[in-house]
Amino acid sequence: MTDKATDGGAHQQVEPGETRYAKSGDLSIAYQVTGEGPDLVCVAGSLSHVELGWETPATAPIYRRLARFARLITFDKRGMGLSDRSAALPTLEERMDDVRAVMDAASSESAALVGMSEGGPMSLLFAATYPERVTALVLWSTFARLAWAPDYPFGVEQQLGDAFCDQIETAWGTGRVWPMISTNDSP
């Protein structure tokens, strides 16, 4: 797959990198590196696939654009895409440590982090834990929490959140989940 966009008058093609695996504890975390420039780690939201992301209309243009000016490092969080699954639900700290494992495997001493959606809290925790490894932090369409609480009136009411999760579970594997979560109709 190529990106034939013109950037500053130069015809530049962006190709996905080879899928590699970083060890994070007992799990293998799939990642790719492409482009040249300062390191930029893209911490995806709740769904990712390092290979299909280059073909998905929601992520392909983002990856191509970022890889034009940076050494783009993308990865699948544990349990997603091509990364290993685990029996237990991982903690935020374990998932955040996958960022470190991927950066180490990609020989990235420091990078800008782009935390998209559910990847925002991981990026925030990584930046707080390893400030010397973060050159910039970009939070894109992320949130402090999703559920309503007395001190968080912007959140989704429990019944609406539960109903939406039920819809996702019913639609899983049918190709309808991505459109469901990327519309403005979702909670």
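1. Aromatic pairs. In this predicted model, the count of aromatic pairs comes to 3. One of them joins Tyr152 and Phe154: the ring centres lie 5.9 Å apart and the planes stand at 75°, so the pair is edge-to-face. The cut-off behind that label is a plane angle over 60 degrees. Tyr152 is partly exposed, at 21% relative accessibility, whereas Phe154 is exposed, with a relative accessible area of 73%.

2. Salt bridges in the model. How many salt bridges does the count give? The count comes to 8. Those described below include one between distant parts of the chain and two within helix 2.

3. Asp98 and Arg78. The closest N and O atoms of the salt bridge between Asp98 and Arg78 are 2.8 Å apart. This pair links distant parts of the chain, with the two positions 20 residues apart in numbering. Asp98 belongs to helix 2 (residues 92-105), while Arg78 sits in the loop between strand 6 (71-75) and helix 2. Are these partners buried or exposed? Asp98 has a relative accessibility of 1% and therefore counts as buried. Arg78 is buried as well, with a relative accessible area of 13%. Both values fall in the buried class because that class covers anything under 20%.

4. Asp97 and Arg100. A second salt bridge to note in helix 2 brings together the side chains of Asp97 and Arg100, at 2.7 Å from N to O. The two residues are 3 apart in helix 2, and so are separated by about one helical turn. In an α-helix there are 3.6 residues a turn, so residues three or four places apart point the same way. Asp97, at 22% relative accessibility, counts as partly exposed, and Arg100, at 21%, also counts as partly exposed.

5. Arg100 and Asp104. Arg100 forms a further salt bridge, with Asp104, in which the closest N and O atoms are 2.7 Å apart. Here the spacing in helix 2 is 4 residues, again about one helical turn. Asp104 is partly exposed, at 39% relative accessibility. Through shared partners, salt bridges join Asp97, Arg100, Asp104 and Arg133 into one network.

6. The buried side of helix 3. Which residues of helix 3 (residues 119-129) are buried? They are Gly119, Gly120, Met122, Ser123, Phe126 and Ala127. Viewed down the axis of helix 3, these buried residues fall within an arc of 160°, so they line one face of the helix. As for what lies against them, the buried residues of helix 3 pack against strand 5 (39-43), strand 6, helix 2, strand 7 (111-116) and strand 8. Helix 2, which holds Asp98, is thus among the elements in contact with the buried residues of helix 3.

7. A nonpolar surface patch. Leu124, Leu137 and Leu139 make a nonpolar patch on the surface, of about 230 Å². Leu139 is placed in strand 8 (residues 134-140), an element against which the buried residues of helix 3 pack. Leu139 itself is partly exposed, with a relative accessible area of 37%. That value satisfies the patch requirement of over 30% relative accessible area.

Methods. Residues numbered from 1 in each chain as written. Predicted model: local features only at pLDDT ≥ 70, side-chain atom pairs only at ≥ 80, totals over all residues. Heavy atoms only, no water. Salt bridge = Lys/Arg side-chain N within 4 Å of Asp/Glu carboxyl O. Buried < 20%, exposed > 50% of the residue type's maximum accessible area, 1.4 Å probe, protein only. Phe/Tyr/Trp six-rings, centres within 6.5 Å; stacked < 30°, edge-to-face > 60°. Patch = residues over 30% accessible without salt bridge, like charges linked within 9 Å, V, L, I, M, F, W, Y side chains within 5 Å. Areas by Shrake-Rupley, 256 points an atom, 1.4 Å probe, with all protein chains shown as cover. Arc of directions from axis to C-beta. Contact = heavy atoms within 4.5 Å.
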